[in-house]
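Look at the sequence and the model below before reading on. The text that follows leads through the structure in short steps.

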Amino acid sequence: MMIQSVSSVLFVCLGNICRSPAAEIIFRNLLERAGLSDVIRVDSAGTMGYHEGSLPDSRMIAALGRHGFNVYSTYSRPLHPEDFIRYDLILGMDNDNLHDIKRLAPDSIAKAKVAPMCQFVDTNKFRDREVPDPYYGDPRDFDHVVELLDHACSNLIKVIVPNH
Ligand code: 4NP
């Protein structure tokens with residue numbers, strides 16, 4: 001996969017109510033600020049469908065608000081096999097997500113589209129090698145996820161739109 005040819009990104013976590021909708025919302029905010037909303041298509045999904053139809057967790061909406069992000073409505077949905085056709089890059093938040101996404105990938109072309117979100121995290125800025133699940137955490141855990149995703153999404157834009 002040539003990362004420079006990416007024009008669509010799908011963020012994936014377990015429930016699609018905390019980390020991946022936050023990544024989607026943050027990435028949309030950054031694309032909008034950079035005038036790139038029409039260049040890159042973005043969505044999010046979960047490896048399980050348990051929360052299908054739900055808005056993001058209110059604690060994540062609050063954390064996004066604390067960091068000045070414009071919060072869009074996005075409804076939880078499970079990852080579908082067609083996502084491997086419709087998206088160029090599929091980013092898993094943690095190693096369990098990556099394992100589950102790859103299990104659903106129909107072939108080697110699909111598998112090659114799957115990468116860890118923390119591939120875009122500078123090791124000198126954050127210790128995290130996975131985006132931690134904040135679901136059973138406190139507001140500081142949600143703030144940390146927002147800050148980590150903000151950093152990763154900003155690097156992701158630099159990589160997929162290199163001369164911007
Ligand atoms: P997410 O967080 O994968 O970041 O959306 C979770 C949401 C729900 C559950 C676990 C993690 N849950 O067990 O219901």
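**From a strand to the ligand**

Leu10 has its place in strand E1. The model is a predicted one, and positions are numbered from 1 along the chain. Is Leu10 buried or exposed? Leu10 has a relative accessibility of 0%, and buried means under 20%, so Leu10 counts as buried. In sequence, Leu10 and Arg41 are 31 residues apart. In space, their C-alpha atoms are 8.5 Å apart.

Val9 also lies in strand E1. Its relative accessible area is 0%, so Val9 is buried. Which distance separates Val9 from Arg86 in space? From C-alpha to C-alpha it is 9.2 Å, while in sequence the two residues are 77 positions apart.

After the strand comes a loop. Asn16 is found in the loop between strand E1, residues 8-13, and helix H1, residues 19-33. With a relative accessible area of 2%, Asn16 is buried. The backbone of Asn16 has a phi angle near 55°, which is a positive value in a residue other than glycine.

Asn16 is also one of the residues around the ligand. Which others belong to this group? From the same stretch of sequence there are Cys13, Leu14, Gly15, Ile17, Cys18 and Arg19. The remaining members are Met48, His51, Asp133, Tyr135 and Tyr136. By type, the shell around the ligand divides into seven nonpolar, three polar and two charged residues.

Where does the ligand sit? The ligand is in the largest pocket. Several polar atoms of the protein lie at short range from the oxygen atoms of the ligand, and they can be taken in turn. A polar backbone atom of Leu14 is 3.0 Å from an oxygen atom of the ligand. For Gly15, a polar backbone atom is 2.9 Å from a ligand oxygen. His51 takes part with its side chain: a polar atom there lies 2.8 Å from an oxygen atom of the ligand. Taken alone, the ligand exposes 360 Å², and the protein buries 91% of that area.

**Residues linked to the shell**

His51 leads on to Ser76. The backbone oxygen of His51 lies 3.4 Å from a polar atom in the side chain of Ser76. Ser76 is in the loop between helix H2, residues 58-66, and helix H3, residues 83-86. Its relative accessibility is 4%, so Ser76 counts as buried.

Arg19, another residue around the ligand, leads on to Asp94. Which side chain does the side chain of Asp94 contact? It makes a polar contact with the side chain of Arg19, at 2.9 Å. Asp94 is located in the loop between strand E3, residues 89-92, and helix H4, residues 95-104. The relative accessible area of Asp94 is 11%, so this residue is buried.

**A partly exposed loop residue**

Glu130 belongs to the loop between strand E4, residues 114-116, and helix H6, residues 139-160. How is Glu130 classed by its accessible area? Buried means under 20% and exposed means over 50%. At a relative accessible area of 33%, Glu130 is therefore partly exposed. Glu130 and Pro116 are 14 residues apart in sequence, and their C-alpha atoms are 7.6 Å apart in space.

Definitions and conventions
This is a predicted model: local features need pLDDT of at least 70, side-chain atom pairs count only at pLDDT 80 or more; totals for chains, interfaces and linings use all residues. Side-chain values use heavy atoms; hydrogens and water are left out. A residue is near a molecule or strand if one of its heavy atoms lies within 4 Å of it. A polar contact is a pair of N or O atoms within 3.5 Å; within protein, one must be able to donate a hydrogen and the other to accept it, and residues adjacent in sequence count only if both atoms are side-chain atoms. Accessible areas come from the Shrake-Rupley method with a 1.4 Å probe; for residues, only the protein chains shown count as cover. On a 1 Å grid over the protein atoms alone, a cavity is a set of points where a 1.4 Å probe fits but cannot get out, and a pocket is an open set with protein on both sides within 12 Å along at least five of seven lines; lining residues have an atom within 4 Å of a point. A molecule sits in a cavity or pocket if more than half of its atoms lie within 2 Å of its grid points. Ala, Val, Leu, Ile, Met, Phe, Trp, Tyr, Cys and Pro count as nonpolar, Asp, Glu, Lys and Arg as charged, and the others, Gly among them, as polar. Helices (H or I, at least four residues) and strands (E, at least two) are DSSP runs, numbered from the N terminus. Buried means under 20% relative accessible area, exposed over 50%, partly exposed in between (1.4 Å probe, protein chains only).
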